[in-house]
Amino acid sequence: MKKPPRSKPLLRDAEAPIRSRPRGKRNPAQPQLLFDPIPERVEPALAELKPHPPKGREWSWELKLDGYRIAVHIEPQGIRILTRGGHDWTHRFPEIEQAALALGPATMIIDGEAVVLDEEGRPDFGLLQQSLGASGKQAGRRASDAVLYAFDLIYLDGHDLRGVEYRSRRHLLEDTLNGPTSDQIGAVRLSETLDGEPTVLLEHVCRLGLEGIVGKRLDQPYRSGRTGDWVKVKCVQSESFFILGYERSAASPAGFSSLVLAANRGADLVHVGSVGTGFKQAEAIRLRKMLDTLRWKRKQPPLPFSGSADIVWVEPTLIAEIEFRAWTMDGKLRHPSYKGLRERQDNADVFRLD
């Protein structure tokens, strides 16, 4: 009798497992399914600026923090701290790194804001900027006194949480940070939610000298970019602008009386006024040295300018965080005050005029 042909193995070592159908998105509520790989990087969800807080019970509110947005990756091979632009700043936040290690051996991605607190416990961007240093020779400095206020959980132990509503992500974050190691993680703290009507909350927050409030839709997943799921309402306006030059002054130790500022409009730069307050003497002297290395080498200024002041123009490289009260009718900043330099690696958005 003729022998039947030998059957081929159903699965070779080099072949992928056979599936009856393509695997859909995994439901975190079903842990028996295959794990999701931890993302290399997640583009952050961003808050839209609103003049007034929206009403409704579908919103959760917390403080708007004045610092650097970071994502803390806790992985088997160690800790990674990434900026909003995707740069690795693990070495610049050593205390946050050590505190994150105490949360292991779980794998997770925590979304939050790195801040330095003043003597009254309020986030102070100027102190953070001083601690980190700024563009130039000081760019490698560490902020050993920075703390992370965690406000979202993107990934946890094999589960990609981006498709999960914010309400559930928040519960998981609270459970994670309030666990048995919570007494060891002073540099990683939970950003507290605020109870109350948002308009009343905003008034109280502004009275305390804080920056504002952030609202998040409880029923929405984590979506990168400005989608409207997150909103922010500020007490005082604060935006990032290019420094285009400085006005000479013999009376100032730094040799300048104000910085010339510009915003984006399409592909062009537009003059939005000057800032002459908010500088400490040491910061002003350091700024002058940095600006003199960026002097504009062309005859015409880098943007249309009708003033008569003695301006030294510079390349549009440095980005300043400016606090101001409002806009004038001719498109200039009203009562601007200098807060500090933004770093390119922070991927700060230079203000864009409509």
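About 620 Å³ of space lies in the second largest pocket of this predicted model. Its lining counts 27 residues. Nearest the centre of this pocket lie Asp66, Asp124, Phe125, Gly126 and Lys339. Three elements, α2, α5 and β19, each supply at least two residues of the lining. Helix α2 gives the largest share, 5 residues. By class, the lining of the second largest pocket holds 10 nonpolar, 7 polar and 10 charged residues.

## The helices beside the second largest pocket

Start with α2, residues 125-132. This helix is mostly covered, with 6 of its 8 residues buried. The buried ones are Phe125, Gly126, Leu128, Gln129, Ser131 and Leu132. Phe125 and Gly126 are thus buried residues of α2 and also lie among the residues nearest the centre of the second largest pocket. The buried residues of α2 pack against two helix and strand neighbours already named, α5 and β19. They also pack against β3, β5 (108-115) and β16 (319-324).

Now α5, residues 281-292. Helix α5 has 12 residues and reaches 17 Å from its first C-alpha to its last. That is close to the 16 Å expected at 1.5 Å a residue. Which residues of α5 are buried? They are Glu283, Ala284, Arg286, Leu287, Met290 and Leu291. These residues sit on the same side of α5, because they cover an arc of only 165 degrees around the axis. The face turned away from the buried side carries the exposed residues Gln281, Ala282 and Lys289.

What covers the buried residues of α5? The cover includes the helix α2 and the strands β12 (237-248), β13 (256-265) and β19 (337-342). The packing between α2 and α5 thus appears from the α2 side too.

## The largest pocket

The largest pocket has a volume of about 790 Å³. Its lining is made of 34 residues. Ala47, Lys64, Arg84, Arg226 and Lys232 lie nearest its centre. By class, the lining divides into 13 nonpolar, 3 polar and 18 charged residues.

Strands contribute to this lining. β1 (45-49), β2 (59-63), β3 (68-75), β10 (212-217), β11 (225-234) and β12 each supply at least two residues. β1 gives the most, with 5 residues. Strand β12 also helps to cover the buried residues of α5.

One residue of β2 deserves a look. Ser60 has its place in this strand. Is Ser60 buried or exposed? Ser60 is buried, because its relative accessible area is 10%, and the cut-off for buried is under 20%. Leaving aside residues up to four places away in sequence, Ser60 touches Tyr166, Thr193, Val214, Gly215, Lys216 and Leu218.

## The cavities

How many cavities of 30 Å³ or more are there? The count comes to 2.

The largest cavity has a volume of about 110 Å³. It is lined by 13 residues, and the closest to its centre are Val42, Pro44, Ala71, Leu82 and Thr83. β3 and β4 (78-83) each supply at least two residues of the lining. β3 gives the largest share, 4 residues. Strand β3 also supplies at least two residues to the lining of the largest pocket.

The second largest cavity holds about 30 Å³ of space. Its lining consists of Ala45, Leu46, Pro221, Tyr222, Arg223, Gly225, Thr227, Asp229 and Trp230. Here β1 and β11 each supply at least two residues. The largest share, 4 residues, comes from β11. Both strands also supply residues to the lining of the largest pocket.

The table sets out volumes and lining classes.

| Space | Volume | Lining by class |
|---|---|---|
| Largest pocket | about 790 Å³ | 13 nonpolar, 3 polar, 18 charged |
| Second largest pocket | about 620 Å³ | 10 nonpolar, 7 polar, 10 charged |
| Largest cavity | about 110 Å³ | 7 nonpolar, 2 polar, 4 charged |
| Second largest cavity | about 30 Å³ | 5 nonpolar, 2 polar, 2 charged |

Conventions
Residues numbered from 1 in each chain as written. Predicted model: local features only at pLDDT ≥ 70, side-chain atom pairs only at ≥ 80, totals over all residues. Heavy atoms only, no water. Expected span 1.5 Å × (residues − 1). Buried < 20%, exposed > 50% of the residue type's maximum accessible area, 1.4 Å probe, protein only. Arc of directions from axis to C-beta. Contact = heavy atoms within 4.5 Å. 1 Å grid on protein atoms, 1.4 Å probe; cavity = no way out; pocket = protein on both sides within 12 Å on 5 of 7 lines; lining within 4 Å. Points joined across faces, edges and corners; volume = space filled by probe spheres on them. Nonpolar A, V, L, I, M, F, W, Y, C, P; charged D, E, K, R; others polar.
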